[in-house]
Amino acid sequence: MGRKKIKLRYKKERVLFSDVLPYEVPLIFSNRFFYRFLVKNEIRIEDDKICWKKNISNEELSILGFILNVETDTLQTKGSYSIKGKDLKSFCRIPFTYRILHKPNKARELTVIHPANQILMVDFYDKYKPLILYYTNLDRFSLRHPNKVACYFYYRDKLHHTLLGRKADNIELFFNEYENLRTFFSYKKYNNIYKFYEDYRYQRAEKKFEHLLKFDVQSCFDSIYTHSIAWATGGGRELYKENFKGSDDNFASKWDTLMELMNYNETNGIVIGPEFSRIFAEVILQHIDARVETELRQQGYNINKDYECYRYVDDFFFFYTNEEVKDKAMVLFANTLKEFKLNISQEKTSQFDRPFITDITRAKEQIDILINDSLKYHQEEMTVEPIADEELDENTDGNDEDSESKVDSKTVEEAIADKSYFYLDAKAFNVRFKSIQKECSVTSKDIVNYTLARIGRKLEIGLKKFDKQFKTLSIAYTDEKNPDLRLKCAEKKEKLEKMLSRYLIAVLDAIFFLYSGNKRVNTTLKMLTILNEIIIMLDNPYQVKKDTVVRFSDNIRNLVFKKVQDELSLVFQVSKLDENSQIETLYFLVILKNLRSKYHLPNAILEKYLCVKKKDGMVITSNLNAFAILILLYYFGNEQQYQELKKALMYSVKEKFRNTPEKIRRITTELTILTLDLLACPYIDDEDKMDIAKVMKISDVDYKNMKRHFKHHPFMFTKWVGVNMTKELNAKTSQEVYS
């Protein structure tokens, strides 16, 4: 299916969708509803004041007061809130930091900034986007930098539109305008580092130069000194210090202040995860790039002649032939980076001689061959036995909104005679995958995400081909006037179902084997995409005109969904829940919620996973972060089998609030987000909500106001009901921004 080009209607608040949250947040969590709250109430910054529409309701003012940590009465009396000078310091907040697995024994820390700081960031982007673009377009090394404000995005139709048999309208395609944008700016030149390896620049450099040196900045985001943004935009540290006049009312100073406020006044290191942090680092690194290029030129070494250098975020690629230019460049890079309190990572520095092919590239080539050979939809020559036209009901033409093909005698003949089939030997596939790892000296981390993405795409293509004939058989089977035809279609459908169930079970065997070696968030997302394809295929009937046509029997669903349950049960049994890996596995609960309750996880498995102790009731001993809590509450819902677990979870949640010192509760991002989402949650009772409100010092009046608000606007950050997995996965993986 083709891509749809959609023009953006510009709103400054769209920064909230694309640039302030890490990519690795749960599928049920977003800024979609916070964005709507701000836009609806015209909450904005004017003349160093936060303002809102005149007729804002008391309910919405109570929520705004809670976010700003200001008494509602004060907001009502003043009609705005100052963010100038000392007042701005009241926006100092403790960010919500959570860890995800980055390497087998190493975690990466990501950050969600406070909603109040997000409001400030919207205004900063709006005021300073021209300067952001100016300072990120100054050097020739960068492969990924803002080019201009994005004005289009493209939506690629996915499997579900074909399989559901209906046409998606524009609202379905992009969820009310552009609420799933990845970035506020469009980017040059690549949105993924691996595209560089396939680009002419890389291949041209390989023709010109004999050697490649790869290196990166050690702990780049953790090491950046926030004040260094002023050095980068002021011509360097020494020049800036010579000319600094003490003004804090300029682009660099304001950005520096914002980065400090959102990180609890920390100047060493910047928050990790949001896009604006990558842009902050880009400004600094572009200055360093330009300095190195200028000094090399002054020493007689010219870019494109004596060397070529490319940088993707903090990864550098230095092509050269003469060792002397490489040595000079590395000294310059080391010294200039050190001036900005940054260092080259010796551990990640590696040198290649022509041809510049890495072990990972060799492994991917072998994986492509493996997948193409193993996950084929085998299509063979057909011997067609004629079916008389009168055996077909003229009304069963299958010509619905999403298909122009007709179910006539010829298409039914072809579908019955078709000998195409799926086949996968999961054991052989897994053995070959391990062999590729060994032969190419790569780890699971290096290639599993790529492999799962290729499997997902191959599966999608194969299922579409399979469905073409299966749909014909299903529609023809509804023709009650032709019992002989129905019998032929029934026999063929039964054979195809058995074949498909064996194939899908083999695919599940393979992908869960791959996942066992690399349980990271991105890997889980790839898994969810594949599982979602399978669930959509098996769990939805065809929609033909206004009729519903049964697709599969319960038998195939039971076989495949039971396999999904068994594999996920094993994942939870062997995974250890700790502070470094909470959401990787819990992500699976979001898709399990979509299946019928008989496929949900047994209590015993969840109790073990959550480290439940039973003594005078259940007690969860794990220290759960906000995302883990929100996912678990979403999964438990009002299911009777999980009521005791939910009770234990709510006890641990309230303990989390109580154990946070009272003086910092209202400025702690994690508790602020949790409070708003829990007050909106339809799965916990009023008594628990009141307990949380009291601990957070929310007045009775404000609590009642907020409760009334969430009755009519049921979400703040977490979407508690009506989650569409396909849409949410597309929001993560399918939409690309173009200029």
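This is a walk through some salt bridges and one small sheet in the structure above. Keep in mind that the model is predicted.

Let's start with the charged pairs. The structure has 43 salt bridges in total, and a few of them are worth a visit. Take Glu24 to begin with: it pairs with Arg108, and the closest N and O atoms sit 3.8 Å apart. Glu24 is in the loop between helix 1 (15-18) and helix 2 (32-40), while Arg108 belongs to strand 6 (residues 106-112), so this contact ties together parts that are 84 residues apart in sequence. What about the surroundings of the two partners? Glu24 has a relative accessible area of 9%, so it counts as buried. Arg108 comes in at 29% relative accessibility, which makes it partly exposed.

Now for a pair within one helix. Lys129 and Asp126 form a salt bridge, with 3.4 Å between the closest N and O atoms. Both residues are in helix 5 (residues 115-135), three residues apart, or about one turn of the helix. Here Lys129 is buried, because its relative accessible area is 19% and the cut-off for buried is under 20%. Asp126, at 26% relative accessibility, is partly exposed.

Next, head further along the chain to Arg551 and Asp467, whose side chains meet in a salt bridge at 3.5 Å, N to O. Arg551 sits in the loop between strand 17 (547-549) and helix 22 (554-574), and Asp467 is part of helix 19 (residues 444-477), so once again the pair ties together parts that are 84 residues apart in sequence. How buried or exposed are these two? Arg551 has a relative accessible area of just 2% and is buried, and Asp467, with 4% relative accessibility, is buried too. Salt bridges can also link up through shared partners: Asp139, Glu282, Asp289 and Arg311 are joined into one network that way.

Let's finish with backbone pairing. Strands 2, 3 and 4 make an open sheet, in the order 2-3-4, and the pairing is antiparallel. Which strands are at the edges? They are strand 2 (44-46) and strand 4 (81-82), each of which pairs on one side only. Zoom in on strand 3 (residues 49-51) and you'll find two bridges joining it to strand 4, with the two strands running antiparallel. For a handle on how these strands line up, look at Ile50, which stands opposite Tyr81 in strand 4.

Methods. Residues are numbered from 1 along each chain as its sequence is written. This is a predicted model: local features need pLDDT of at least 70, side-chain atom pairs count only at pLDDT 80 or more; totals for chains, interfaces and linings use all residues. Side-chain values use heavy atoms; hydrogens and water are left out. A salt bridge is a side-chain nitrogen of Lys or Arg within 4 Å of a carboxyl oxygen of Asp or Glu. Helices (H or I, at least four residues) and strands (E, at least two) are DSSP runs, numbered from the N terminus. Buried means under 20% relative accessible area, exposed over 50%, partly exposed in between (1.4 Å probe, protein chains only). Two strands pair if DSSP finds at least two bridges between them.
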